[in-house]
Amino acid sequence: MGGDPIAAGLVASLARPGGNLTGMVFMTAEMVPKRLELVSELVPQAGVIALLVNPNNPLPEPIMREVQDAAHAKGLQLRILKAATEAEIDSAFATLVQLHAGALILGPDPFLNSRREQLIALASRHAVPAIYDFREHAEAGGLISYGPSLAAANRQSGTYAGKILKGTKPADLPVQQPTTFELVVNLNTAKALGLTVPPSILARADEVIE
């Protein structure tokens, strides 16, 4: 789940894995430019936007260039912050405040996603609008999320597990990519931050939490 399994040498192709491995691949890194677009639309006054990444799991260079280009096209400064531990997450938010960043994008990473409560609490404490990968962040009090559905991926994973247990070879099961993407907005958090969510975002939202 995550990264490019072909580039990593895990499978021969998505359609025909060819070995003893299959499953779901999110490739959430490809969604980072879209999250930049959304958060800049939500917080148009933000001239500086921070991107928090785990240095042990860096974004692929082509995607990083795409994010930088998207920020430059909007006249935004993109600042990269790095954190691989809980303490470094705290430090990253302190740096974010010093940079006067108007918004934060959470980079795709299992460790960062596992620190959901810490990230949401820090974003609230420092009054930083933040956009996350999964709806679970918005449900837990995060401002906004955009990404694939974990529930849909888990259902598909369960289906695959059942097929394999009944004798289907992993090599015969294509690696699945997400087909369901969700935009979730938490209006309670927006109100606490003093933000008015644009109608253009509300109209596109799959769920609005009030």
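Colleague: How should I read the accessibility of His-100, as buried or exposed?

Modeller: The general idea is to ask how much of a residue's area stays accessible, and a residue counts as exposed over 50% relative accessible area and as buried under 20%. His-100 counts as exposed because its relative accessibility is 69%. Please keep in mind throughout that this is a predicted model. His-100 is placed in the loop between H3 and strand S3 (103–106).

Colleague: What is the phi of His-100, and which other residue that is not a glycine has a positive value?

Modeller: The feature to look for is a positive phi in a residue other than glycine. His-100 shows it, with a phi of about 55°, and Ala-127 has a phi near 55°. Ala-127 also belongs to a loop, the one between H5 and strand S4 (130–132).

Colleague: Moving to the whole chain, how many helices and strands are there, and how does the radius of gyration relate to that of a compact globule?

Modeller: The protein contains 9 helices and 7 strands. For the radius of gyration, the usual step is to set the value beside the one expected for a compact globule with that number of residues; for 210 residues the expectation is near 17 Å, and the protein has 18 Å, which agrees. Along the principal axes, the C-alpha atoms fill a box of roughly 55 × 35 × 35 Å, and 45% of the 210 residues count as buried.

Colleague: How many residues of H1 are buried, and which are they?

Modeller: In H1, 8 of the 11 residues are buried, and the helix is therefore mostly covered, taking buried as under 20% relative accessible area. The buried residues are Val-32, Pro-33, Arg-35, Leu-36, Leu-38, Val-39, Ser-40 and Leu-42. Pro-33, which is found in helix H1, has a relative accessible area of 11% and is buried. Its C-alpha atom is separated by 23 Å from that of Leu-187, a residue 154 places away along the chain.

Colleague: What lies in the segment before H1, and which negative surface patch does that residue help to form?

Modeller: Glu-30 is found in the segment before helix H1 (32–42), and at 44% relative accessibility Glu-30 counts as partly exposed. Together with Asp-4, Glu-66 and Asp-69, Glu-30 forms a negative surface patch.

Colleague: How many salt bridges are counted, and how far apart are the closest N and O atoms of Arg-115 and Glu-86?

Modeller: Side chains of opposite charge can pair when their charged atoms come close. The count here comes to 6 salt bridges, with a cut-off of 4 Å between the nitrogen and the oxygen. In one of them, Arg-115 pairs with Glu-86, and the closest N and O atoms are 3.5 Å apart. Arg-115 sits in the loop between helix H4 (110–114) and helix H5 (116–125), whereas Glu-86 belongs to helix H3 (residues 86–98), so the pair ties together parts that are 29 residues apart in sequence. Arg-115 is partly exposed at 23% relative accessible area, and Glu-86 is partly exposed at 42%.

Colleague: Which residues form salt bridges with Arg-135, and where do they lie?

Modeller: An α-helix has 3.6 residues a turn, so residues three or four places apart point the same way. Arg-135 and Glu-139 are 4 residues apart in helix H6 (residues 135–139), which means that about one helical turn separates them. They form a salt bridge whose closest N and O atoms are 3.0 Å apart. Arg-135 counts as buried at 17% relative accessibility, while Glu-139 is partly exposed at 44%.

Modeller: Arg-135 also forms a salt bridge with Glu-207, where the closest N and O atoms are 1.8 Å apart. This pair links distant parts of the chain, with Arg-135 in helix H6 and Glu-207 in strand S7 (residues 207–209), 72 residues apart. Salt bridges that share partners join Arg-135, Glu-139, Glu-182 and Glu-207 into one network. Within that network, Glu-207 counts as partly exposed at 28% relative accessibility.

Colleague: Finally, where does Ala-171 lie, and what separates its C-alpha atom from that of Asp-206?

Modeller: Ala-171 lies in the loop between helix H7 (150–165) and strand S6 (181–186), and its relative accessible area of 23% makes Ala-171 partly exposed. Ala-171 and Asp-206 are 35 residues apart along the chain, and their C-alpha atoms are separated by 35 Å.

Definitions and conventions. Residues are numbered from 1 along each chain as its sequence is written. This is a predicted model: local features need pLDDT of at least 70, side-chain atom pairs count only at pLDDT 80 or more; totals for chains, interfaces and linings use all residues. Side-chain values use heavy atoms; hydrogens and water are left out. Patches are made of residues with over 30% relative accessible area and no salt bridge: like charges are joined within 9 Å, nonpolar side chains (Val, Leu, Ile, Met, Phe, Trp, Tyr) within 5 Å. Accessible areas come from the Shrake-Rupley method with a 1.4 Å probe; for residues, only the protein chains shown count as cover. A salt bridge is a side-chain nitrogen of Lys or Arg within 4 Å of a carboxyl oxygen of Asp or Glu. Lys and Arg count as positive and Asp and Glu as negative; His and the chain ends are not counted. The place of a charge is taken as NZ of Lys, CZ of Arg, CG of Asp or CD of Glu. Helices (H or I, at least four residues) and strands (E, at least two) are DSSP runs, numbered from the N terminus. Buried means under 20% relative accessible area, exposed over 50%, partly exposed in between (1.4 Å probe, protein chains only). The radius of gyration is taken over C-alpha atoms; the globule rule is 2.2 Å times the number of residues to the power 0.38.
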